[in-house]
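Let's go through this one by question and answer. Have the sequence and the model open while you read.

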Amino acid sequence: MKNIIYGKNSVLDAVSNNFPIEKLMIDRNLKDKTNIKFNNISYVSRFELDKLCEGNHQGFVAIIKDFQYHDLGSIFKDKPNFVLMLDHIQDPQNFGSIIRTCNAFNIKHIIIPKNRAVDVTPTVLKVSSGGFNNVKIIKVASLFDATNDLKKNNFWIYATALDKNAKKLHQVTFASPTCLIVGNEETGVSKTLINNSDEVVFIEQNGIVQSLNVSAATAILVYELTKEKK
């Protein structure tokens, strides 16, 4: 089944944010009531739209192209100062928010594993609010091997964890180029990656809750790290 976005506002947002749209399908009864600038629009019956999605499409459906991923070589070619690695993130809402945060702070490379992690889905694209446009998503078979390859190319690896050896975020001076690893919503960064890191950091908190949502934590980490590098 193709990836789709449906609903008037969602589709219009997708067009305005330059989503990788293959085709728009719009209820033919709305043809004279819409003013969408897009090269490939099909005006079809409502019945055809009903077959594509179960929810209330409001006469608007966008078929999304397969997302184009990159390999690790793009990092070594682009030579960024900062790379973010996501250790098996599962929630598309979190992934989309993280992409949006990276775009806001001019971080252009995110590494994800090929298996047991969320892909770039229509939900991820929607939550990212167009942030994916300037961010390369790199898929690798092994995050552990990727960290070793990054080390060979002079990257410093920082894992985030509530670990006994972890340093408070404000106590860490990040070396450059940097790869920051944030972890799965339930289990955090794996022990294998923690042990392969140059340093482990955590965000000091004063409240009762001992951990932040991964997208919120990433926003804090990225802000502090990019502020430090200015």
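What follows is a short run of questions on domains, sheets, helices and salt bridges.

Reader: What am I looking at, and how are residues numbered?
Author: This is a predicted model, where local features need pLDDT of at least 70, side-chain atom pairs count only at pLDDT 80 or more, and totals for chains, interfaces and linings use all residues. Side-chain values use heavy atoms, with hydrogens and water left out, and residues are numbered along each chain as its sequence is written, from 1.

Reader: Which domains does the assignment give, and what separation do their centres have?
Author: Domain bounds come from an automatic or database domain assignment. That assignment gives domain 1 (4-64) and domain 2 (72-226). Taken over C-alpha atoms, the centres of domain 1 and domain 2 are separated by 34 Å.

Reader: How much area do domain 1 and domain 2 bury between them?
Author: Buried area here is the accessible area (1.4 Å probe) that two parts lose on being put together, summed over both. Of the area buried between domain 1 and domain 2, 65% is on carbon and sulfur atoms. The total is about 590 Å².

Reader: Which three residues supply 55% of the area that domain 1 buries against domain 2?
Author: The contact (heavy atoms within 4.5 Å) takes eight residues from domain 1 and seven residues from domain 2. On the domain 1 side, no other three residues supply more than this trio. They are Ser 10, Asn 17 and Phe 19.

Reader: In what order do the four strands of the open mixed sheet run?
Author: Strands (E, at least two residues) and helices (H or I, at least four) are DSSP runs, numbered from the N terminus. Two strands pair if DSSP finds at least two bridges between them. The edge strands here are strand 1 (4-6) and strand 3 (41-44), each pairing on one side only. The order is 1-4-2-3.

Reader: Which residue in strand 4 does Tyr 6 stand opposite?
Author: Strand 1 and strand 4 (residues 60-64) run antiparallel and are joined by three bridges. Opposite Tyr 6 in strand 4 stands Val 61.

Reader: What angle does helix 1 make with strand 1?
Author: Helix 1 (residues 8-16) packs on the sheet and touches strand 1, strand 2 and strand 4. Axes are lines fitted to C-alpha atoms, for helices over the stretch in contact, and angles between N-to-C directions run from 0 to 180 degrees. For helix 1 and strand 1 the angle is about 125 degrees.

Reader: Which strands stand at the edges of the seven-stranded sheet?
Author: This open sheet has parallel pairing, in the order 7-6-5-10-8-11-9. Each edge strand has a single partner strand, so one side of each is left without a neighbour in the sheet. The two are strand 7 (136-140) and strand 9 (167-168).

Reader: How many residues of strand 5 are buried?
Author: Buried means under 20% relative accessible area, exposed over 50%, and partly exposed in between (1.4 Å probe, protein chains only). Phe 82, Leu 84 and Leu 86 point one way from strand 5, while Val 83, Met 85 and Asp 87 point the other way, and all are buried. For strand 5 that gives six of its six residues.

Reader: Which residue in strand 10 does Asp 87 stand opposite?
Author: Strand 5 pairs with strand 10 in the parallel sense, over six bridges. Opposite Asp 87 in strand 10 is Gly 183.

Reader: At what angle does helix 6 run to strand 5?
Author: Helix 6 (residues 143-152) lies across strand 5, strand 6, strand 7, strand 8 and strand 10 (178-183). Its angle to strand 5 is about 165 degrees.

Reader: How far apart are N and O in the salt bridge of Asp 27 and Arg 46?
Author: A salt bridge is a side-chain nitrogen of Lys or Arg within 4 Å of a carboxyl oxygen of Asp or Glu. Asp 27 sits in strand 2 (residues 21-27) and Arg 46 in helix 2 (residues 46-52), 19 residues apart. Asp 27 is buried, at 3% relative accessible area, whereas Arg 46 is partly exposed at 37%. From N to O, the value is 2.9 Å.

Reader: Where does the salt bridge partner of Asp 78 lie?
Author: Asp 78 is in helix 3 (residues 73-78), and its partner Lys 136 is 58 residues apart from it. Their side chains meet at 2.8 Å, N to O. Lys 136 lies in strand 7.
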